[in-house]
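Trainee: Could you take me on a close look at the cavities inside this protein? I would like to see what lines them, and how they sit within the whole.

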Amino acid sequence: MNAKYIFVSGGVASSLGKGIISASLAKLLHARGLRVTIQKFDPYINVDPGTLNPYEHGECYVTDDGAETDLDLGHYERFLGVHTSKANNVTTGKIYHTVISKEREGAYLGKTVQIVPHITDEIKRRMLLLGKSGKYDIVITEIGGTVGDMESQPFVEAVRQLQWELPEEDCVTIHLTLVPYLSAAKELKTKPTQHSVQMLQQAGVQPDIIVCRTEHKLTSEIRRKVALFCNVKPGHVIESIDAPSIYQVPLNMKEEKLDWLVLEHFGMTDLPEPNLDNWNAFLRKLMNPKHKVDIALVGKYVELQDAYKSILESFVHAGAANECKVQVHSIHSEFLDESNVVSQLGSMDAVLVAPGFGERGLEGKIVAIRYAREHNVPFFGICLGMQMCVVEFARDVLGLRNAVSTEVNPSTDTPVIDLMEDQKSTTIKGGTMRLGAYDCKIEKGTLAYRIYGRETISERHRHRYEFNNDYLGAVESAGMKASGRNPETGLVEIVELPSHPFFIGVQFHPELKSTPECPQPIFVAFVKAAMEYRERKGKDNK
């Protein structure tokens with residue numbers, strides 16, 4: 001069977017949820033037994049989001065094979081439970097980089113290189129690449145941005161050409177748009193959707209299905225109106241109403257028969273109904289928690305929720321696993337110090353110190369770590385959070401008052417955190433960090449081993465600096481345990497304090513592998529530790 005292709009575009013406004021709709025449709029098709037993957041085509045000229053500030057782009061998601069990608073790939077993996085790769089995220093920068101490199105090599109035989117056909121041909125090649133691999137039955141392609149954006153035009157043109165080139169039964173185009181509710185008029189308005197679809201049609205693309213994002217239910221009259229003026233079949237106007245959780249959206253799309261309409265177009269209606277038993281079990285726990293905890297997320301990008309998207313979603317998954325509602329309190333590390341740490345963290349049941357880069361906010365993170373360590377509050381540090389817990393321990397327990405990372409002070413005489421050896425000759429910033437999945441060997445009898453239940457794990461990385469093993473002996477003698485290390489390089493991956501009820505720092509990013517149906521073990525254990533701390537605290541206060 002030839003691979004089938006689904007293209008998802010958006011109009012009217014950004015952030016309508018193309019990624020969630022794409023992931024929800026993928027979930028439903030995957031639950032019917034199909035091999036499904038999703039890819040994101042982003043219109044920005046950066047080669048990848050690796051060098052972008054989180055305020056610009058939100059979280060940079062990292063795949064097993066070391067790609068720095070759009071955060072929507074996190075949604076794809078969380079919904080599908082299938083790993084993505086470098087091939088799943090394509091940017092305008094990558095397209096132009098490839099075409100220009102070919103031109104320099106003489107691949108175009110002296111012809112004038114143009115957007116059409118050379119740029120669009122490269123876009124099409126990448127759109128079909130995963131489908132031609134033989135690994136997938138369905139390839140869903142999400143087009144970033146909105147229809148009408150100058151940057152998105154080559155992608156829309158590529159979809160137009162593929163609609164013409166591919167057999168009709170192998171290609172479906174879905175357009176996500178907004179049907180706003182005007183409170184003054186007390187009615188839903190379809191005109192923005194009509195204009196959005198007309199703009200798509202002017203570019204030569206006719207949507208097969210229109211998904212309408214809305215705050216209020218669509219009446220049958222509104223659906224007919226959208227279908228009539230947008231030239232789609234009456235039953236092909238889908239309602240995407242606001243949901244209490246993004247994980248409810250696949251069920252809403254199933255109710256709207258989105259997957260059925262796609263399969264009908266593909267001539268694949270003989271497939272079984274989606275098996276969503278595990279998904280429904282997760283949702284039942286998520287919606288009916290028996291417990292509650294307050295957890296502080298200490299970081300320096302807290303103004304933008306998407307900067308820590310995978311961490312927040314991991315708390316959702318771990319909370320459901322513990323039948324617990326996790327209330328995450330974002331605390332800006334730049335404004336945290338000894339004068340306000342008690343007021344900021346005193347009511348918290350656990351403290352997570354988030355990853356990041358640069359000097360800003362580091363001392364606030366160290367203050368938070370010291371508070372958690374000295375007051376036996378459950379602590380979890382990720383990447384830079386792990387590095388700062390080593391710095392705090394070196395300063396306040398070992399007495400190395402000048403202990404710091406060379407990221408902050410390259411000439412320090414106490415570099416407990418230092419630039420990795422293979423990074424010292426690197427001058428190019430993009431795509432050169434330690435990226436992707438690496439093995440970690442865990443020592444038996446440790447907290448980390450109790451959490452994972454096995455000796456060898458694989459987790460994803462994104463960093464340049466590491467624990468300086470010159471200080472390992474001193475640190476361990478003082479009571480901090482290096483419980484997990486890379487078996488090939490000796491890189492310290494996990495540190496913990498055996499004398500503390502729950503204190504763990506990891507160099508990797510465990511949040512990148514958490515899914516609703518397979519929550520990340522450290523997050524599950526961390527939430528459980530927060531519940532136990534809250535219970536102890538309640539008993540102490542009686």
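Mentor: Here is a walk through the cavities, followed by the cysteines, one helix and the overall build.

This is a predicted model, so a word on the ground rules: local features need pLDDT of at least 70, side-chain atom pairs count only at pLDDT 80 or more, and totals for chains, interfaces and linings use all residues. Residues are numbered from 1 along each chain as its sequence is written, and side-chain values use heavy atoms, with hydrogens and water left out.

Let's start with the idea. Rolling a probe the size of a water molecule over the atoms shows where empty space is left. Here a cavity is a set of points, on a 1 Å grid over the protein atoms alone, where a 1.4 Å probe fits but cannot get out, and lining residues have an atom within 4 Å of a point. Points are joined across faces, edges and corners, and a volume is the space filled by probe spheres set on them. With a cut-off of 30 Å³ or more, the count is three cavities.

The largest cavity holds about 60 Å³ of space. Around it you will find G356, F357, C383, L384, Q387, E407, H463, R464 and Y465. That lining splits into four nonpolar, three polar and two charged residues, where Ala, Val, Leu, Ile, Met, Phe, Trp, Tyr, Cys and Pro count as nonpolar, Asp, Glu, Lys and Arg as charged, and the others, Gly among them, as polar.

The second largest cavity has a volume of about 40 Å³. F7, V8, S9, I143, V156, V159, T173, L200 and V205 form its lining. Two elements, β1 (4–10) and α6 (153–165), each give two or more residues to that lining, and β1 gives the most, with three. (Helices are DSSP runs of H or I with at least four residues, strands are runs of E with at least two, and both are numbered from the N terminus.) By class, the second largest cavity has seven nonpolar lining residues, two polar and no charged.

One name in the first lining, C383, may catch a biochemist's eye. Is it in a disulfide? A disulfide is a pair of cysteine sulfur atoms within 2.5 Å, and a search of the whole structure finds zero of them. C383 stays unpaired because the closest cysteine sulfur, in C389, is 12 Å away, too far for a bond. C383 is buried at 5% relative accessibility, and C389 is buried too, at 0%. Buried means under 20% relative accessible area, exposed over 50%, and partly exposed in between, with a 1.4 Å probe and protein chains only.

Now for helix α1 (residues 18–30): its 13 residues reach 18 Å from first C-alpha to last, close to the 18 Å expected at 1.5 Å a residue. The expected span is 1.5 Å times one less than the number of residues. This helix is mostly covered, with 12 of its 13 residues buried, among them K18, I20, I21 and L25.

Finally, step back to the whole. The protein has 18 helices and 23 strands. Its radius of gyration is 25 Å, close to the 24 Å that the globule rule gives for 542 residues, so the protein is as compact as a globular protein of that length. That radius is taken over C-alpha atoms, and the rule is 2.2 Å times the number of residues to the power 0.38. The C-alpha atoms fill a box of roughly 75 × 65 × 45 Å along the principal axes, and buried residues make up 56% of the 542.

Note on methods: 1 Å grid on protein atoms, 1.4 Å probe; cavity = no way out; pocket = protein on both sides within 12 Å on 5 of 7 lines; lining within 4 Å.
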